[in-house]
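Colleague: Could you walk me through this one? I'd like to go from the overall picture down to single residues.

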Amino acid sequence: MISTYWIEKRRPHWSRLERLMDRVQDAGLKSLNRGELRELGLLYRQVASDLAVLRADVSSAHFAGYLNQLLARAHNIIYSGHKTNHSAPLRFYRDTYPEVFRRNFNYILFAFILFLGGGVVGSILTLQDPGFGLKIMGPQMVQTIDRHEMWTHSVVAIKPLASSQIMTNNMSVAFTAFAAGITAGIGTIYMIVFNGLLMGVIGTACAQAGMSKDLWSFVAPHGVLELPAIFIAAGAGLRLAAGLLFPGVLPRRESLARAGREAVQLLLGVVPMLLVAGVIEAFVSPTDLSVHMKFLFAASMFTLLVAYLSGVTERRRGTQGAEKAPLLEGQ
């Protein structure tokens, strides 16, 4: 039998959902702000879970009937048909995605730290044991570096095809790093550490051959987008793992579902970054453009990326809107 204490503890959530439903029916969904819309979805799932508990207790039929009607109202509003909004993708990338990024920044930072740690380990092992680089890079790349040659000439020869192949490979890495989060994060951690290790090995081998300038002037133009995209994808995988391992007060299934939605949003933002990075890697990075121009281009791209993800552009739009408001009021 369900206790009175349990019912009284859950009742505020039912009342809150009912109040939101009343507002929506009076003024429509536009009357709710973004936080209230998220709250509406969460309350709907929580109340549905409460209803399942109440239905198992015959003595709670009255409360079960009440919640059943409340959920029916909410279901009709949440899942009602609506017109296709063609500006929704633009709003997602312009407004929603930077917020999602900042909300999950700790996971992305942890992925970067793992990558950096792998790079340091790869560099140390290569310095201590030259044979280690051979095992990681393979004989063909080692021979190319020994000849003091870059391996980018093939990219220059077939730019459009190379761009497509680069995009496909990068997407594969990003999606795999994300999906591996379901392994409690073990697969994601392995991928990001190994990629860092590989970067450390290549960077050290090129430094020993006196090719650091050639390497980093090639990597920088596209790497300022490609590497953050990989960190974000890995962060999405870690977010998925956190929902699985640390559900908190939520049922594990619900925690995983919420983490999955957030992680997918993170991953969606990676797609345009990798598309642009693939074009740059094929058409800019391997060209004869001066080293200074390549690094200047990389710095410009990275500055724009940081401004976008940190919300600087969003705050600027808000400031411009505030400056225009008095003029509108005076009209």
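Modeller: Happy to, and one term comes up straight away: accessible areas come from the Shrake-Rupley method with a 1.4 Å probe. Please keep in mind that this is a predicted model.

Colleague: What share of the area that the protein exposes do carbon and sulfur atoms supply?
Modeller: The protein exposes about 18,600 Å². Of that area, carbon and sulfur atoms supply 64%.

Colleague: How many helices and strands does the protein have?
Modeller: From the N terminus on, every element listed is an α, as in α-α-α-α-α-α-α-α-α-α-α-α-α-α. The count is zero strands and 14 helices.

Colleague: How do H6 and H7 lie relative to each other?
Modeller: The axes of H6 (residues 130-137) and H7 (residues 139-146) come within 7 Å and cross at roughly 125°. Gly133, Leu134 and Met137 of H6 meet Pro139, Met141, Val142 and Ile145 of H7. By class, that contact has six nonpolar, one polar and no charged residues. Angles over 145 degrees would count as roughly antiparallel and 65 to 115 as roughly perpendicular, so H6 and H7 are oblique.

Colleague: Is Asp50 buried or exposed?
Modeller: Asp50 sits in helix H2 (residues 34-55). Leaving aside neighbours within four places in sequence, Asp50 is in contact with Trp6, Arg10, Trp14 and Leu67. Buried means under 20% relative accessible area; Asp50 has 5%, so Asp50 is buried.

Colleague: How far apart are the end C-alpha atoms of H10?
Modeller: Helix H10 (residues 186-208) has 23 residues, and at 1.5 Å a residue these should span 33 Å. The model agrees, because the end C-alpha atoms of H10 are apart by 33 Å.

Conventions: Residues are numbered from 1 along each chain as its sequence is written. This is a predicted model: local features need pLDDT of at least 70, side-chain atom pairs count only at pLDDT 80 or more; totals for chains, interfaces and linings use all residues. Side-chain values use heavy atoms; hydrogens and water are left out. Axes are lines fitted to C-alpha atoms, for helices over the stretch in contact, and angles run from 0 to 180 degrees between N-to-C directions. Helices (H or I, at least four residues) and strands (E, at least two) are DSSP runs, numbered from the N terminus. Angles under 35 degrees count as roughly parallel, over 145 as roughly antiparallel, 65 to 115 as roughly perpendicular and the rest as oblique. Contact means heavy atoms within 4.5 Å. Ala, Val, Leu, Ile, Met, Phe, Trp, Tyr, Cys and Pro count as nonpolar, Asp, Glu, Lys and Arg as charged, and the others, Gly among them, as polar. Buried means under 20% relative accessible area, exposed over 50%, partly exposed in between (1.4 Å probe, protein chains only). The expected span of a helix is 1.5 Å times one less than its number of residues.
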